[in-house]
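Here is a quick tour for anyone meeting this structure for the first time. Have a look at it before reading on.

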Amino acid sequence: MDTGKVFEKLLKLAISKGIVVRFAPLTISDGRLKGKHLAIRQELGIDDINYNLAHEIAHAYLHYDKGDTIHSERHDEYEEQADRAAGMLLELIRKTA
């Protein structure tokens, strides 16, 4: 289990990209990225926080120019890409944390 090191590195990555990260009482999803604002459901445990933060950061890198990805015909594809990128990012960070 993460003691905060993975979260710290993900947060630094988000900030370096100009993304503002906040915890919020989300009800529909565990994470949401809108422009440069990223919200994570405040009730999550650290592992779920890390995964959702990595997933939303992946969207910021991969889909910044795709417009509204939630209502896109390619939504499932974009989600799969963000899932894979998040897994890769977490694996890399955990090896160096």
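Let's start on a helix. Glutamate 80 and arginine 84 sit four residues apart in helix H3, so about one helical turn separates them. Keep in mind that this is a predicted model. The two side chains form a salt bridge, with their closest N and O atoms 2.6 Å apart. Side chains of opposite charge can pair when their charged atoms come close. How open is each partner to the outside? Glutamate 80 counts as partly exposed because its relative accessibility is 41%, while arginine 84, at 61%, is exposed.

Helix H3 has another pair of this kind. Glutamate 91 and lysine 95 both belong to H3 and are four residues apart, about one turn of the helix. Their side chains meet in a salt bridge at 3.5 Å, N to O. Here glutamate 91 is partly exposed, with 49% relative accessibility, and lysine 95 is exposed, with 63%.

Then there is arginine 74, whose side chain meets that of glutamate 77 in a salt bridge. Arginine 74 is partly exposed at 40% relative accessibility, and so is glutamate 77 at 34%. The count of salt bridges comes to four; here are three of the pairs.

| Salt bridge | N to O distance |
|---|---|
| Arginine 74 and glutamate 77 | 2.6 Å |
| Glutamate 80 and arginine 84 | 2.6 Å |
| Glutamate 91 and lysine 95 | 3.5 Å |

Now for the inside. In soluble globular proteins, nonpolar side chains tend to be buried together. In this model the largest nonpolar core has 18 residues, and Leu10, Leu38, Leu53 and Ile57 have the most contacts inside it. Which elements supply at least two residues each? They are helix H1 (5–16), strand E3 (37–41), helix H2 (46–62) and helix H3 (75–96). H2 gives the largest share, with five residues.

H2 is worth a closer look. Its 17 residues should span 24 Å at 1.5 Å a residue, and its end C-alpha atoms are indeed 24 Å apart, so the two values agree. Buried residues of H2 include Ile49, Leu53, Ile57 and Ala60, and also polar names such as Asn50, Asn52, His55, Glu56 and His59. What covers the buried residues of H2? The cover includes H1, E1, E2, E3 and H3.

Strand E3 is next. Four of its five residues are buried, so the rest of the structure largely encloses this strand. E3 has strand partners, too. Strand E1 (residues 20–24) pairs with E3 in the parallel sense over five bridges, and strand E2 (residues 31–34) pairs with E3 in the antiparallel sense over four bridges. E2 and E3 make a hairpin with two residues between them, and glycine 35 in that turn has a positive phi of about 65 degrees.

Leucine 38 ties several of these threads together. In E3, leucine 38 stands opposite valine 21, and leucine 38 is also the bridge partner of leucine 33. Which residues does leucine 38 touch, leaving aside neighbours within four places in sequence? Its contacts are Ile19, Val20, Val21, Arg22, Arg32, Leu33, Leu53, Glu56 and Ile57. Two of the names there, Leu53 and Ile57, are listed with Leu38 among the residues with the most contacts inside the core.

Definitions and conventions:
Residues numbered from 1 in each chain as written. Predicted model: local features only at pLDDT ≥ 70, side-chain atom pairs only at ≥ 80, totals over all residues. Heavy atoms only, no water. Core = buried A, V, L, I, M, F, W, Y, C linked by side-chain atoms within 4.5 Å. Buried < 20%, exposed > 50% of the residue type's maximum accessible area, 1.4 Å probe, protein only. Contact = heavy atoms within 4.5 Å. Pairing = 2+ DSSP bridges. Expected span 1.5 Å × (residues − 1).
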